[in-house]
Structure formats: C-alpha cells, structure tokens
Amino acid sequence: MMPKVTTSGRKSFDELYEEYSSKSIPEQINNLKELGRELFNKVDKIVDQLDTIIEGIEREESNIEEALVDDS
C-alpha cells in the first residue's frame, strides 16, 4: 500500500497506526519514551515563555505603581 501524503505534512491516524503496529514492542516503547521527552521539552519551553511574559507584566505593573506614587 502506498502511503498517503497529506497537504499539512502530517501523517493520518491510519498511517501512524500502520507504522507503529509494524514495530516490535521494544521499538514502540523506545518511540514512546522519545515522544515523552519531546513533549516534556515543549511543555518546559512553553512554561519558560509564560514565566517571561508574567515577569514582563509584573514589571509593567510595578512601573505603573511607582509612577502613581511619584505623582502623589
């Protein structure tokens, strides 16, 4: 069977199922471990970006409060 090529460059569920079902159990476990590492790294990067955004917001709020105190 010829694999389908999707326009988004991502594999369909059927393609993934066929690919993984043809792998041995140890290969599937190793693949899941790698996917888990990739997921963790992506979530960690998102958390770092959110921390940066929160720090920026807190800095802006602090500057606004300082400006209000200076005007008093």
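How many helices and strands does the secondary structure of the chain come to? The count is 2 helices and 0 strands. The model shown in these views is predicted.

**Figure 1. Overview of the predicted chain and its two helices.** Helix H1 covers residues 13-21. Helix H2 covers residues 25-71. The chain has 72 residues, and 4% of them are buried. About 6,900 Å² of the chain is exposed. Carbon and sulfur atoms supply 59% of that area.

**Figure 2. The aromatic pair in helix H1, Phe13 with Tyr17.** The structure holds 1 aromatic pair. The ring centres of Phe13 and Tyr17 are 6.3 Å apart, and the ring planes meet at 25°, so the pair counts as stacked. The cut-off for stacked planes is under 30 degrees. Both residues sit in helix H1, 4 residues apart. That spacing is about one turn of the helix. Phe13 is exposed, and Tyr17 is exposed too.

**Figure 3. The salt bridge between Lys11 and Glu19.** The structure holds 2 salt bridges, and this view shows one of them. The side chains of Lys11 and Glu19 meet at 2.4 Å, N to O. Are these two residues buried or exposed? Neither label fits. Glu19 has 27% relative accessibility, so it counts as partly exposed. Lys11 also counts as partly exposed, because its relative accessibility is 48%.

**Figure 4. The salt bridge between Glu34 and Arg37 in helix H2.** Here the side chains of Glu34 and Arg37 meet at 3.2 Å, N to O. What separates the partners along helix H2? Glu34 and Arg37 are 3 residues apart, so about one helical turn lies between them. Glu34 counts as partly exposed because its relative accessibility is 37%. Arg37 reaches 46% and therefore counts as partly exposed.

**Figure 5. A negative surface patch that includes Asp48.** Which residues form this patch? The aspartates are Asp44, Asp48, Asp51, Asp70 and Asp71. The glutamates are Glu55, Glu58, Glu60, Glu61, Glu65 and Glu66. Asp48 is placed in helix H2. Its relative accessibility is 43%, so Asp48 counts as partly exposed.

**Figure 6. A nonpolar surface patch that includes Leu50.** The patch is formed by Ile46, Leu50, Ile53, Ile54 and Ile57. How much accessible area do these residues have together? The figure is about 450 Å². Leu50 lies in helix H2. At 46% relative accessibility, Leu50 falls in the partly exposed class. Patch residues need over 30% relative accessible area, so Leu50 passes that cut-off.

Terms used:
Residues numbered from 1 in each chain as written. Predicted model: local features only at pLDDT ≥ 70, side-chain atom pairs only at ≥ 80, totals over all residues. Heavy atoms only, no water. Phe/Tyr/Trp six-rings, centres within 6.5 Å; stacked < 30°, edge-to-face > 60°. Buried < 20%, exposed > 50% of the residue type's maximum accessible area, 1.4 Å probe, protein only. Areas by Shrake-Rupley, 256 points an atom, 1.4 Å probe, with all protein chains shown as cover. Salt bridge = Lys/Arg side-chain N within 4 Å of Asp/Glu carboxyl O. Patch = residues over 30% accessible without salt bridge, like charges linked within 9 Å, V, L, I, M, F, W, Y side chains within 5 Å. Lys, Arg positive; Asp, Glu negative; His and termini not counted. Charge placed at Lys NZ, Arg CZ, Asp CG, Glu CD.
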